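Q: I'd like to learn how to read packed helices and charged pairs in a model. Could you walk me through them?

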Amino acid sequence: MSTNITFHQGSVDAEERPKLLGQKGVTIWFTGLSASGKSTIACALEQHLLHLHKFTYRLDGDNVRFGLNKDLGFDEKSRNENIRRIGEVSKLFADACAITLTAFISPYRADRAVARELHEKAGLAFLEVFVDAPLSVVESRDPKGLYKKARAGEIKDFTGISAPYEAPESPEIHIKTDECDVTEAVRRITAYLTEKSFI
């Protein structure tokens, strides 16, 4: 960790920003296997919330690896660091009162717990959404051809095939995408946000 640094406290307090912007920040953390529907649901939810005039921003697993996390691979240590960084970035967005949507496989419970703890220590809301689909279903979808490559041994450390996925034990929202379409998923998440007074 860096030394000889001091946190610079701003002049805007935690109550002033949401009051003036008319919105509370929250991170909605989508987790699930590749091709489970995380990004598809997050994109649709982002569009829906923006049409409700809510300040919303989406952080996507692949997209972030083109910039912020382009130095990371897919081994366990790199995956840990990938999620640590996104936890920090999403916390900043939530602190700015954004409804922050993160769509990452984030296979390890411990890493997701760290992201949650970062938010809770800062007094910020964190909602875990388990986008759940059986391995047989996501393999049949396989829009990027990744499962086929993983089965052929062309991709190492592929979640669900040659690397583990630890399913959430108590997510705020559990969506089974083999039983629920995108429209219904967005409706359910929006209803939860309304019930909890985020929108």
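Q: At roughly what angle do the axes of H4 and H5 cross, and within what distance do they come?
A: Here's the general idea: two packed helices are described by the angle between their axes and the distance between the axes. Now the case at hand, bearing in mind that this is a predicted model. The axes of H4 and H5 cross at roughly 25 degrees and come within 9 Å. Angles under 35 degrees count as roughly parallel, so H4 is roughly parallel to H5.

Q: Is the crossing of H4 and H5 right-handed or left-handed?
A: H4 passes H5 in a right-handed crossing.

Q: Which residues in H4 and H5 meet?
A: From H4, you'll find Arg79, Asn80, Ile83, Gly87, Glu88, Ser90, Lys91 and Ala94. Their partners in H5 are Asp111, Ala115, Leu118 and His119. Sorted by class, this contact of H4 with H5 has four nonpolar, four polar and four charged residues.

Q: Let's try another pair. Why are H2 and H8 oblique to each other?
A: Look at the angle again. The axes of helix H2 (residues 38–51) and helix H8 (residues 182–195) cross at roughly 55 degrees, coming within 9 Å. An angle like that falls outside the parallel, antiparallel and perpendicular ranges, so H2 and H8 are oblique to each other. The crossing of H2 and H8 is right-handed.

Q: What residues do H2 and H8 bring to their contact?
A: H2 offers Thr40, Ile41, Ala44, Leu45, His48 and Leu49, and these meet Val182, Ala185, Val186, Ile189, Thr190 and Leu193 in H8. Break the contact of H2 with H8 down by class and you get nine nonpolar residues, three polar ones and no charged ones.

Q: On to charged pairs. How many salt bridges does a search of the whole structure find?
A: The general idea is that side chains of opposite charge can pair when their charged atoms come close. In this structure, the search finds 13 salt bridges. One of them pairs glutamate 46 with arginine 58, with the closest N and O atoms 3.2 Å apart. That pair links distant parts of the chain, 12 residues apart: glutamate 46 is in helix H2, while arginine 58 is in strand E2 (residues 56–60).

Q: Are glutamate 46 and arginine 58 buried or partly exposed?
A: Glutamate 46 has 15% relative accessibility, so glutamate 46 counts as buried. Arginine 58 has a relative accessible area of 21%, so arginine 58 is partly exposed. The cut-off for buried is under 20%.

Q: Where do glutamate 81 and arginine 85 lie?
A: Both are in helix H4 (residues 76–95), four residues apart, which is about one turn of the helix. Their side chains meet in a salt bridge, 2.8 Å from N to O. At 21% relative accessibility glutamate 81 counts as partly exposed, whereas arginine 85 is buried at 18%.

Q: And which helix holds glutamate 117 and lysine 121?
A: That's helix H5 (residues 109–121), where glutamate 117 and lysine 121 are four residues apart, about one turn of the helix. Glutamate 117 forms a salt bridge with lysine 121, and the closest N and O atoms are 3.3 Å apart. Glutamate 117 counts as partly exposed at 40% relative accessibility, and lysine 121 is exposed at 69%.

Q: Which residues do salt bridges with shared partners join into one network?
A: Asp71, Glu81, Arg84 and Arg85 are joined that way.

Methods:
Residues are numbered from 1 along each chain as its sequence is written. This is a predicted model: local features need pLDDT of at least 70, side-chain atom pairs count only at pLDDT 80 or more; totals for chains, interfaces and linings use all residues. Side-chain values use heavy atoms; hydrogens and water are left out. Axes are lines fitted to C-alpha atoms, for helices over the stretch in contact, and angles run from 0 to 180 degrees between N-to-C directions. Helices (H or I, at least four residues) and strands (E, at least two) are DSSP runs, numbered from the N terminus. Angles under 35 degrees count as roughly parallel, over 145 as roughly antiparallel, 65 to 115 as roughly perpendicular and the rest as oblique. A crossing is left-handed if the near helix is turned anticlockwise from the far one by less than a right angle, and right-handed if clockwise. Contact means heavy atoms within 4.5 Å. Ala, Val, Leu, Ile, Met, Phe, Trp, Tyr, Cys and Pro count as nonpolar, Asp, Glu, Lys and Arg as charged, and the others, Gly among them, as polar. A salt bridge is a side-chain nitrogen of Lys or Arg within 4 Å of a carboxyl oxygen of Asp or Glu. Buried means under 20% relative accessible area, exposed over 50%, partly exposed in between (1.4 Å probe, protein chains only).
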